[in-house]
Amino acid sequence: MPRYLTFVIALFISWSANSMEMSIPKEVTSTVASAVPASAAAPIQLQAGPREAGPREAAPRRGTLYKVRHDGKTSYLFGTIHVGKQGFFPLEPEVTRALADSSALVLELDTRVHKPFEQALAKYGSYPPGDSITRHLSPRALTQLNKALARAGLALQNVAMYRPWLVANILVGTEIEKHGYHRSNGVEGFLLTAAVEQKKEVHELESADYQLSLFASLDDAQQERYLMENLEELENGRALQKSAGLIDAWSNADAARIDVMARELTSGDTVSATFMDRTLLGKRNPEMAAHIERIMQSDQVAFVGIGLLHLVGDNGIPALLRQRGYDVEKVY
């Protein structure tokens, strides 16, 4: 299978709004292979490394940061985005100090490890040999898909082996990358570089197999609707607007706008919004909170970097940890 997947989840990451909440190894997205011609995506930039801010240059606040305390132990929660620009780094000093004070970095996935993600993509994102997306879409959906592929400079034969949810994410991701947002500049890469330099342990909250199995839980009818919704938003510009809006809100630590974007992405009767609300966030948040609790019960001081939308609202991880008796302070 071609080693190109667009953003996550998210979040995700395309980076469609749904996949913006999914962590994706950089190696999986670093090579533009046969599914996506070189002309269809902007060049992948190298991961921005840490740099020192000048005496008059204060790094702006980005994302959102929480301090979590329980039984005399302290850990941190930081909201990440899985794509970005090199200018987003270095992160704000409160974030880098929190990471430096921690004994372990915890991410959704260790994005340095790409083989499990490639295996999960083949398992959940591709049809068996001899099958094709053309056998699973209505004539109307297939017509719309061909139009969208033509606009993106792609051929149906190059994505025919992929399931509709993955094709939707590839198309949205191609559009996002054209506008300068790259997986290679995701926050996880910056955090991992710092953690390795500081000789910290790195732990995962989830597995690639689990993350991508969530998309596979959509049946054929739901996957067609998911694809059609994304194709419509690509055509009217909403796909870029949503993704860029969330990234911009993160880059300015704009809590009010982050809340607005979260409600927009999880409201309505579309497959995309329902899937985000009930599965990518509603199902995973309690599981993540339980895993974070187990980590905090150990002797480690953890810096937990997870997709921004997991930290928002009454069902976000900070709220869930408070319900479990943890003292959760929003630093910013």
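How many salt bridges does the count come to? The count comes to 14 salt bridges. The model is predicted. The exercises below work through selected contacts.

**Exercise 1. Classify the aromatic pair of Trp165 and Phe215, then place both rings in the chain.**

Step 1. A pair of aromatic rings is described by the distance of the centres and the angle of the planes.
Step 2. For Trp165 and Phe215 the centres are 4.5 Å apart and the planes differ by 20 degrees.
Step 3. Planes under 30 degrees apart count as stacked, so this pair is stacked.
Step 4. Trp165 belongs to helix 6 (residues 164–178) and Phe215 to helix 8 (residues 208–216), so the pair ties together parts 50 residues apart in sequence.
Step 5. Trp165 has 1% relative accessibility and counts as buried. Phe215, also at 1%, counts as buried.

**Exercise 2. Extend the analysis from Phe215 to Tyr226.**

Step 1. Phe215 and Tyr226 lie 6.4 Å centre to centre, with 80 degrees between the planes.
Step 2. An angle over 60 degrees counts as edge-to-face, so that is the class of this pair.
Step 3. Phe215 is in helix 8, while Tyr226 is in helix 9 (residues 220–236), 11 residues apart.
Step 4. Tyr226 is buried, at 0% relative accessibility.
Step 5. Trp165, Phe215 and Tyr226 join Phe275 in one aromatic cluster. The structure holds 6 aromatic pairs.

**Exercise 3. Decide whether the salt bridge of Arg284 and Glu206 is buried or exposed, and locate its ends.**

Step 1. The side chains of Arg284 and Glu206 meet at 2.7 Å, N to O.
Step 2. Arg284 sits in helix 13 (residues 284–296); Glu206 sits in the loop between strand 4 (201–204) and helix 8. The two are 78 residues apart.
Step 3. Both Arg284 and Glu206 are buried.

**Exercise 4. Describe the salt bridge of Glu229 and Arg225.**

Step 1. The closest N and O atoms of Glu229 and Arg225 are 4.0 Å apart.
Step 2. Both residues lie in helix 9, 4 residues apart, about one turn of the helix.
Step 3. Glu229 is buried at 16% relative accessibility, whereas Arg225 is partly exposed at 44%.

**Exercise 5. Find which residues of helix 3 are buried and how they are arranged.**

Step 1. The buried residues of helix 3 (residues 115–125) are Phe117, Glu118, Ala120, Leu121, Tyr124 and Gly125.
Step 2. Viewed down the axis of helix 3, these buried residues fall within an arc of 160 degrees, so they line one face of the helix.

Technical notes. Residues are numbered from 1 along each chain as its sequence is written. This is a predicted model: local features need pLDDT of at least 70, side-chain atom pairs count only at pLDDT 80 or more; totals for chains, interfaces and linings use all residues. Side-chain values use heavy atoms; hydrogens and water are left out. Rings of Phe, Tyr and Trp (its six-membered ring) pair if their centres lie within 6.5 Å; planes under 30 degrees apart count as stacked, over 60 as edge-to-face and the rest as tilted. Buried means under 20% relative accessible area, exposed over 50%, partly exposed in between (1.4 Å probe, protein chains only). The arc is that of the directions from the helix axis to the C-beta atoms.
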